[in-house]
Amino acid sequence: MRKAIAGALIGLTAAAVILGAEALFKASGGGTGSDPLTTIELKTYDWRMAHTARPATARPDIALVAIDEYSLRNLEKNAGRWPWPRAVHSEVIDYLAKAGAKVIAYDVDFADPDTRSGFPFGGSTWSGAESDQALVDSVKAAGNVVLLADATYEASSGTSRGLPDPGYRLDAPGILERKVVFPPFGALASAAAALGHNLFVLDPDGPLRHTVPFVRTGRLAIPSLGLAAALRADGIPPAQVRLHGRMLHIGPRVLPLQWRHVQAAGGTTSFLWGLIDFHGPALLADLKGHTYPTYSFFDLLYSEEQILAGVKPNVDPAAFRNKIVFVGVTATGLHDVFETPFAHGRMPGIQVHAAVADDVLSGRFMAPAPAGVRLATVLAAGLLVGLAATMVPAWWAAAATLAGLALFGWAATRLFAGGYWLDVTEPGLTGALALFGGVAYQYVVEGREKRKMKKLFGQYVSRDVYEQLVANPGLARLGGQRREMTVLFSDIRGFTTVSEHGRPEDIVHLLNEYFTRMVAIVLRHHGTVDKFVGDMVMALFGAPLDDPDHAAHAVEAALDMLDELARLNARWAADGRPPIDIGIGISTGPMIAGNIGSEQIMSYTVIGDAVNLGARLESLNKEYGTHVIVSEATRARLDGRYDFRPLGDVVVKGRTQAAAIFELAGRPSATPVSRPEAVASKGEARV
């Protein structure tokens, strides 16, 4: 009886410690879900999701059309670099409409009209307005196209203009508020059958596990793109969509929601979101292995042209009859991919939207266990393990605890496969703590041998492990600092040709010699080499140490790199080796610099709009026949110390305004930048 009472007290104490730690973590974190216990449980959630997802259970009436690297390469000659003219998208919509697609959900942002005055496409010259009108006509003719409303912009003020009223009246608390939501441009928004937002909110530890079913701007509630496609496909009117407490009623189906709390500068934002029950991983490298049938955008565009020419298409339109088709980017360079519970591969946004639509149409949702069930499992684990640990020998108690926790984990995994998320971390830690307490009781009170007790303690309930899990997991936190700085991208031109005709050891020697010289120049001008990507060098100026002359140092480095390359080419030519050429892009502006990466691998780098612009400027050297292109912000900081030639304006993905760009022609009263002799490459392209 004494042992039973001691075991019960130990078990209840273990449960109280774990529950108290959970309450303390939540209170200190403001309920944001960033506490160690929640993070550990989310990792077990990911493991269960990855091991119970069955692609065979995915709905067969959902298909994906991927704007992938293959499409970008094949369309670059006729449609240019991304973003393509809207007339390109209109042809694919025409193809899907004629194929009998039930719904076409288009995950591409068309917020602004195309203002270009003229560009070649399809053997003729188009204006931006004509291209836009072609898309409007196709969307209107199809009558079933769900378009994107961009809700990712976090504005502190403003209103959403031109946003049609979808008719949803969700005035209950819990709908995420957005000051501004950007619909497609006016005529296109009016032609769409529905609009869906593209906002994804990541979990505190990084992956995407939840969907935000609705956002609200003013009095208008906008469903997510996946939900909007499902509502359209199932013919559910807005009147049948209601929010009662934490239950979202979608026609006859009920989606369970949970509160999400996000701390920001203006306070804590709270809203309701729901778990996504993914049916399979992202396999971007192999279209045949996707959870949903996936087709390349270019293949459909080519098939449409074949149909217009009276030729049998490569892709049978019957494959899309009565299908819900999601069209969107999957190319990694277009940055619409997300970490998910699956360990391998980043999932494109269209597959996430498709998973949401699949859940809604199938009525299969992931529901977390109520708080009462979690409390009961924690108390049961503490009591059972506490009793076992005090009433039987320590080895047997440990074995029984492990067996019991394994059985509990198996049962929780089977429940998870059926859509019921039962917390395993807190009961597991409670059991471990109760086991520790029971074994400690036997050691102190019952006088077990010290050596055996020490071995058991070290093997099963290490104090270091226990303290780490309960008190301080020591998880790495991503962070950074916003800085005004300059980034330089340099890429070898024609390197594909050189590498194809050279011996591997010669290519490696050439690259090492080239990089050695270029890195020395970057460092000499107070720069930091961020990374090498193949034959590309990315360098930072103004980080991690402040440098008021970062723009000038970057430009001087670029000029010295060209001079050094000319010397290298002259020596290589004398040795009978082929010369190479480079293109350089330089961009200045605010960037976020810091240790960025995963929990396993982190690196010091920069992100931001100015970084994307720098990479884009480097690639534009091919089109303009130049060596160094700089942004307007870089030129403005140089106070006339260099000669520049204006190249016009360029629109970069993610920017609504065109950016002025300039060729660096050299230093004043100096010889203009000359083009080093190099091997031309007609097949190399970089997105």
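Which residue in strand 9 is the bridge partner of E177? In this predicted model, the bridge partner of E177 in strand 9 is R216, and the first of the close-up views below is centred on that pairing.

**View 1. Strands 6, 9 and 10 form an open sheet with mixed pairing.** The three strands follow the order 6-9-10, and strand 6 (176-177) and strand 10 (220-223) stand at the edges with a single partner strand each, so one side of each is left without a neighbour in the sheet. Strand 9 (residues 214-217) pairs with strand 6 in the parallel sense, over two bridges, and it is in this part of the sheet that R216 serves as the bridge partner of E177.

**View 2. Strands 11, 12 and 13 make up an open sheet with antiparallel pairing.** The order of the three strands is 11-12-13; strand 11 (241-244) and strand 13 (253-256) take the edge positions, each with a single partner strand, and one side of each is therefore left without a neighbour in the sheet. On average, and with direction ignored, neighbouring strands of this sheet are turned by 20 degrees against each other. Strand 11 and strand 12 (residues 247-250) run antiparallel and are joined by four bridges, with V241 standing opposite I250 of strand 12.

**View 3. A salt bridge joins the side chains of K98 and E304.** The N to O distance in this pair is 2.8 Å. K98 belongs to helix 4 (residues 86-99) and E304 to helix 8 (residues 297-308), so that the contact ties together parts that are 206 residues apart in sequence. As to accessibility, K98 is exposed, with a relative accessible area of 53%, whereas E304, at 3% relative accessibility, counts as buried.

**View 4. Helix 17 is largely enclosed by the rest of the structure.** Of the 25 residues in helix 17, 18 are buried, which is why the helix can be described as largely enclosed. Helix 17 (residues 550-574) should span 36 Å at 1.5 Å a residue, and this agrees with its end C-alpha atoms, which are 36 Å apart. Just after the helix, G576 takes a positive phi of about 80 degrees, and a salt bridge is formed between R577 and D575, whose closest N and O atoms are 3.8 Å apart; R577 is partly exposed, with a relative accessible area of 22%.

**View 5. R517 forms a salt bridge with E564 of helix 17.** The closest N and O atoms of the two residues are 2.4 Å apart. Because R517 lies in helix 16 (residues 504-524) and E564 in helix 17, the pair ties together parts that are 47 residues apart in sequence. R517 is partly exposed, with a relative accessible area of 30%, while E564 counts as buried at 12% relative accessibility.

**View 6. K43, D46, D203, D205 and R209 are linked in a network of salt bridges.** The count of salt bridges in the model comes to 29, and the network shown here brings together two lysine or arginine residues, K43 and R209, with the aspartates D46, D203 and D205.

**View 7. M1, I5 and L9 form a nonpolar patch on the surface.** Together the three residues have about 360 Å² of accessible area, and L9 is found in helix 1 (residues 2-29). In an α-helix there are 3.6 residues a turn, so residues three or four places apart point the same way.

Note on methods: Residues numbered from 1 in each chain as written. Predicted model: local features only at pLDDT ≥ 70, side-chain atom pairs only at ≥ 80, totals over all residues. Heavy atoms only, no water. Pairing = 2+ DSSP bridges. Expected span 1.5 Å × (residues − 1). Buried < 20%, exposed > 50% of the residue type's maximum accessible area, 1.4 Å probe, protein only. Patch = residues over 30% accessible without salt bridge, like charges linked within 9 Å, V, L, I, M, F, W, Y side chains within 5 Å. Areas by Shrake-Rupley, 256 points an atom, 1.4 Å probe, with all protein chains shown as cover. Salt bridge = Lys/Arg side-chain N within 4 Å of Asp/Glu carboxyl O. Axes fitted to C-alpha atoms, helices over the stretch in contact; angles between N-to-C directions.
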